[in-house]
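Welcome, and thanks for taking a look at this one with us. Please have the sequence and the 3D view open side by side as you read.

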Amino acid sequence: MNKILVSACLMGHAVRYDGQSKPLAHPAIARWIEEGRLVTICPEMSAGMPVPRPPAEIEGGATGKDVLDGAARVVEITGGDVTAEFTQAAANALALATEAGCRYALLIDGSPSCGTGFVYDGTFSGQKHAGNGVTAALLKQAGIAVYSDRDIETLIARLAADEQEAVG
C-alpha cells in the first residue's frame, strides 16, 4: 500500500505558526486514515519550533530550493533567522517519509516549509509567488511526488493509477 506523508495542520492539529490548524475535509482523507496510509508530520515542530511562533517567509522572493542550495534564508517577521530550523525540519520530514515508505506527500500550500505551488515573497505583505517551501523542495529532490491541499483530486487520481499499474 502506498503511504502519504501529510502536513499535520491538514489533519486538524493546531500546529501552524498562529496556533491554528487548516483541516482538509475530503472523503479521501477519512478513507486513507482507515487504510492506515497517512503519515502525519509538522516539519517545524519536528525541528523543535514552538506553537505559536512568529510568521516566517523565505526572503527575497526565493524558494525552498534556494534555501537548500544556501542561496536564501528563512526569516521571521521579527528578523530572526530560522533557516537552520527549516532545513532541519525538511530533513526530519524526508527521514520520516523514507522510513515509512511514503511515495507521495500532501502538504499545505503557502508555507515556507510545506508550500508546493506557492510561497510568500519574504516581504510579509501577503504577496505570493510560484515555488516550493523547504520541505516540499527536499521531498521533491528525493523523488517523492508532492501535492498541495488544493490538488488532492490529482493525488487521488495518481494514487489510483499507480496502484492499478502495480496490480495489472
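The notes below look at one aspartate and then at a strand that comes just before its loop.

This is a predicted model, so please read every value here as computed from it. Asp109 sits in the loop that links strand 5 (102-107) with strand 6 (118-120). The bullets take the residue and then strand 5.

**Asp109: burial**
- Asp109 has a relative accessibility of 11%, and because the cut-off for buried is under 20%, this residue counts as buried.

**Asp109: polar partners and neighbours**
- The side chains of Asp109 and Arg150 are joined by a polar contact of 2.3 Å.
- A polar atom of the Asp109 side chain also lies 2.7 Å from the backbone nitrogen of Gly117.
- Leaving aside residues up to four places away in sequence, Asp109 touches Gly115, Thr116, Gly117 and Phe118, along with Ser148, Asp149 and Arg150.

**Strand 5: surroundings**
- Strand 5 is largely enclosed by the rest of the structure, because 5 of its 6 residues are buried.

**Strand 5: pairing**
- Strand 5 pairs with strand 1 (residues 3-7) in the parallel sense, over 4 bridges.
- Within that pairing, Tyr104 of strand 5 is the bridge partner of Ile4.
- Strand 5 also runs parallel to strand 8 (residues 145-148), and 4 bridges join the two.
- If you would like a place to start in the viewer, find Ala105, which stands opposite Val146 in strand 8.

Methods. Residues are numbered from 1 along each chain as its sequence is written. This is a predicted model: local features need pLDDT of at least 70, side-chain atom pairs count only at pLDDT 80 or more; totals for chains, interfaces and linings use all residues. Side-chain values use heavy atoms; hydrogens and water are left out. Buried means under 20% relative accessible area, exposed over 50%, partly exposed in between (1.4 Å probe, protein chains only). A polar contact is a pair of N or O atoms within 3.5 Å; within protein, one must be able to donate a hydrogen and the other to accept it, and residues adjacent in sequence count only if both atoms are side-chain atoms. Contact means heavy atoms within 4.5 Å. Two strands pair if DSSP finds at least two bridges between them.
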